[in-house]
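Student: I should like to work through this model by question and answer. May we begin once it is displayed?

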Amino acid sequence: MTSSPIKELTLYSYFYSSAAWRVRSVLALKKIPFKYQCVHLLDGQQHSEDYLKTNPMHQVPSLKVDLEDGSTHTITQSLTIIRFLEENYPEPAIYPKDMILRCKSMAIADTISGGIQPLQNLETLLHYTDPLGLPALDQPARTKVAQFWIDRKLVNLEKLVSSTAGKYCVGDEVSIADVSLVPQMFNARRFGLDTSKYPLLKQIDERLQELEIFKVSHPLSCPDAPKEAGAK
């Protein structure tokens, strides 16, 4: 818990950011009110002088926390933000009560956030060839690189989730694993992958998409989503 009651939360987000979507879905699950502040990644707003004061890593999401004592704090990294929300708004829980299942759900989330998402990130794809001193990849090449890594990692994730799956990734309750899976499967489709190659993940994802928390936190439900953005 914070040392002083929370007065207001502001989420710095971009509608297509899978990391920000994780946080948005937890905010929706726990019905936590917050302000939405767009950081347009394609326009480079994450590199602006003002935003770097909020997040020196040039990334979203960031969560600004205003406390009743007048102090303001910023928390970065999606899984850390989610942990903060869990500590301060414990119900409904996003982590299983059982320690083993909690660790397994966190392992799935860590696998996605640390082992898949960075390989498809805009910054990674734009600067993929920089260390080799080669020309930047064009859009078709960036798509192929993303497809290669997402496919390879989802094949492995399918095996990992098979040991814990029930209705959702870990048993029958929504957990940190699920709020990580939904954005990743969305990105797989956005990059043109056939998700039927991962039948268990596809089945779980389809169940999760029916839940209200993923509908209200969906990229196309965000205030900064352009009308022409048609990915589903």
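Student: What is the distance between the end C-alpha atoms of residues 98-227, and what is the helix content of the span?

Tutor: This is a predicted model, in which local features need pLDDT of at least 70, side-chain atom pairs count only at pLDDT 80 or more, and totals for chains, interfaces and linings use all residues. Residues are numbered from 1 along each chain as its sequence is written, and side-chain values use heavy atoms, with hydrogens and water left out. The UniProt annotation "domain: GST C-terminal", from an unreviewed entry, covers residues 98-227; such annotations may be inferred rather than shown by experiment. The end C-alpha atoms of the span are 42 Å apart, with strand at 0% and helix at 62%.

Student: How many helices and strands does the protein have, and why may it be called as compact as a globular protein of its length?

Tutor: Helices (H or I, at least four residues) and strands (E, at least two) are DSSP runs, numbered from the N terminus. The protein has ten helices and four strands. The globule rule, 2.2 Å times the number of residues to the power 0.38, is set against a radius of gyration taken over C-alpha atoms. For 232 residues the rule gives 17 Å, so the protein is as compact as a globular protein of that length, its radius of gyration being 18 Å.

Student: Is Ser18 buried or exposed, and which residues does Ser18 touch beyond four places away in sequence?

Tutor: Ser18 lies in helix H1, residues 18-29. Buried means under 20% relative accessible area, exposed over 50% and partly exposed in between, with a 1.4 Å probe and protein chains only; at 7%, Ser18 is therefore buried. Contact means heavy atoms within 4.5 Å. Leaving out residues up to four places away in sequence, Ser18 touches Gln117, Gln120, Pro183 and Asn187.

Student: Which residue does a cis peptide bond join to Val60?

Tutor: Most peptide bonds are trans. The bond in question has omega of about 5°, and its second residue is in the loop between helix H2 (49-54) and strand E3 (62-67). The residue joined to Val60 is Pro61.

Student: What is the phi of His58, and what is its relative accessible area?

Tutor: Most residues other than glycine have a negative phi. His58, in the loop between H2 and E3, has a positive phi near 60°. His58 is partly exposed, because its relative accessible area is 29%.
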